[in-house]
Amino acid sequence: ASVLTVTWARRLGGALGVAVFTCGVLLTQWAIGTDALFRPFNPFAPLLPTFLALVLLWALARDDRRALPPFVVAVSLIAQSNLAFLPLAGVLAVVAAALLLWPRLTQTRRVRAATDGRNHRWALGLGVVVWLPSIAELFVHHPNNLTQIVRWATSGTGDPIGFTEGATYLNLIAPAPGGFRRSTEDLLVDGTGPATVLGIGLVLLLAVIATGYRVPKGRASSAWPARVALAANIGMLLTASRLPEWPLAPYWVITWLPVAAFTWCALVWRGLAYLDNATPHLRPRVALPLGGGLVAGGVAATALALPPAWAEIDSMTAVARAAGDDLGDGQGRHVQINGLGFTPTLGASPAIAWQAHRQGWQPHFLTSWPFPEDADHLWVESAPEGSDRLYVTDSTQPELIKDISASAQRVAMVPMQHREGELGIYRDRGD
């Protein structure tokens, strides 16, 4: 994704475009960290492709149909990685469709390139390939993902924070303290009010630029990156408006980091349009220092990157092993695993379930879904009467310990290596 981004930046803006948008790629890599680049976690997969998709959408606006095949792949990856990313993917897809259909809708004469047909066929073929597993799932699984999404969307469940509250997360695009920041567990809670105001101001500035206001003569295309950035931020606002008050998973809005980096690049690109000597083809005395700066930036991004969160992984592994040592050989028996708290539910319980399954147990650890699905047998409530019950507690949430059954015995207390506190494991033996 990074290589394709630089390639299209050169096609769109020459050496100057490479300098500006490569900085955006490096900034994105610094923000998401090596953890997101390393861990095989589905919300991390589309982060660099998100920046690529925005550059490719700019290329489509410039009538470069060569960008269509990789754009289809990038946007498909965004859409398939997490439900929270659907609004962003949908907005980008709608804008791309409007750009492609605009000449026909307005009956504007367009000179077709000789490679247009080939590019369209490649886009269609790649689109079918990347969506084939999702299409097959519609017929293989009952109920399938699409049915479950429609059921949830029409059920009226949930209590989202709304557009006004969601707009407070615009601090993520603000170049100020409490604004743009690295991806951490506190991504959604480290913002500040002044940064939010600045973020809203940047979106309004994008809207003004998108109208073509005071565009330099002969450089009207310089507004297109800002238009793309505006569309992307609208997509992220749609996601933010659907967030719950609690719990907040930071990866739900992690795609805002590449969007923020592109937003800054778009504003810089628009500002450069006012400089008469800012041209795509840079002289060697300018290009060489810029190239050296990019190399130095790449080295700095690597050196300053946060290491993968091994401590968190090691902590969950220790919890799973402690529980597994106490459980022993399952011989097909059932065990109910109850996570009491955010980390126990989303981190420790799945780890224990995996370890228990390896030892011959049939684990039940998933929170129930209000509709039938093919994982019903993993629901906590589906454990047979008389099954062993495990409770996982978090010392940072002591108010939830009261939910442990009176007959449960403590198995272990595992200190967390990546933060304060410890997780407790309690077992209530079955019949």
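What follows is a short walk through the fold, its helices and a handful of residues in this predicted model. Numbering starts at 1 along each chain as its sequence is written. Since this is a prediction, local features need pLDDT of at least 70 and side-chain atom pairs count only at pLDDT 80 or more, while totals for chains, interfaces and linings use all residues, and side-chain values use heavy atoms, with hydrogens and water left out.

Starting with the whole chain, there are 13 helices and 5 strands; these are DSSP runs numbered from the N terminus, with helices being H or I of at least four residues and strands E of at least two. The C-alpha trace spans about 80 × 45 × 35 Å along its principal axes. The chain has 431 residues, and 44% of them count as buried, that is, under 20% relative accessible area, with exposed meaning over 50% and partly exposed lying in between (1.4 Å probe, protein chains only). Take the contacts (heavy atoms within 4.5 Å) between residues at least 6 apart in sequence: 73% of them join residues at least 24 apart.

On the outside, the accessible surface comes to about 22,000 Å², and carbon and sulfur atoms account for 62% of that. The areas come from the Shrake-Rupley method with a 1.4 Å probe, and for residues only the protein chains shown count as cover. As for charge, there are 32 positive and 30 negative side chains, with the centres of the two sets 22 Å apart. Here Lys and Arg are positive, Asp and Glu negative, and His and the chain ends are not counted; each charge is placed at NZ of Lys, CZ of Arg, CG of Asp or CD of Glu.

Two helices are worth a look. H1 (residues 2-38) spans only 15 Å between its end C-alpha atoms, whereas a straight helix of 37 residues would span 54 Å at 1.5 Å a residue. The expected span is 1.5 Å times one less than the number of residues. H1 also has a kink of about 135° centred on Gly13, the bend being the angle between axes fitted to the seven residues ending at a residue and the seven starting there. H9 (residues 224-241) has 18 residues and reaches 26 Å from first C-alpha to last, close to the 26 Å expected. H9 is mostly covered, with 14 of its 18 residues buried.

Val91 ties in with this part of the chain. The residue sits in helix H4 (residues 86-105) and counts as buried because its relative accessibility is 17%. Its C-alpha atom is 7.1 Å from that of Ala232, although the two residues are 141 apart along the chain. Leaving aside residues up to four places away in sequence, Val91 touches Ala231, Gly235 and Leu238.

Helix H8 (residues 193-210) holds Gly201, which is partly exposed because its relative accessible area is 33%. Gly201 and Ala174, 27 residues apart in sequence, have C-alpha atoms 9.0 Å apart. Ile200 lies in H8 too and is partly exposed at 35%. From Ile200 to Pro372 is 172 residues in sequence and 41 Å in space, C-alpha to C-alpha.

Finally, some loop backbone. Asp63 has a positive phi near 65° despite not being glycine. Asp63 lies between helix H2 (47-61) and helix H3 (68-81) and is partly exposed at 35% relative accessibility. Gln331, likewise not a glycine, has a positive phi near 50°. The loop that holds Gln331 runs between helix H12 (310-327) and strand E1 (334-340), and Gln331 counts as exposed because its relative accessibility is 66%.
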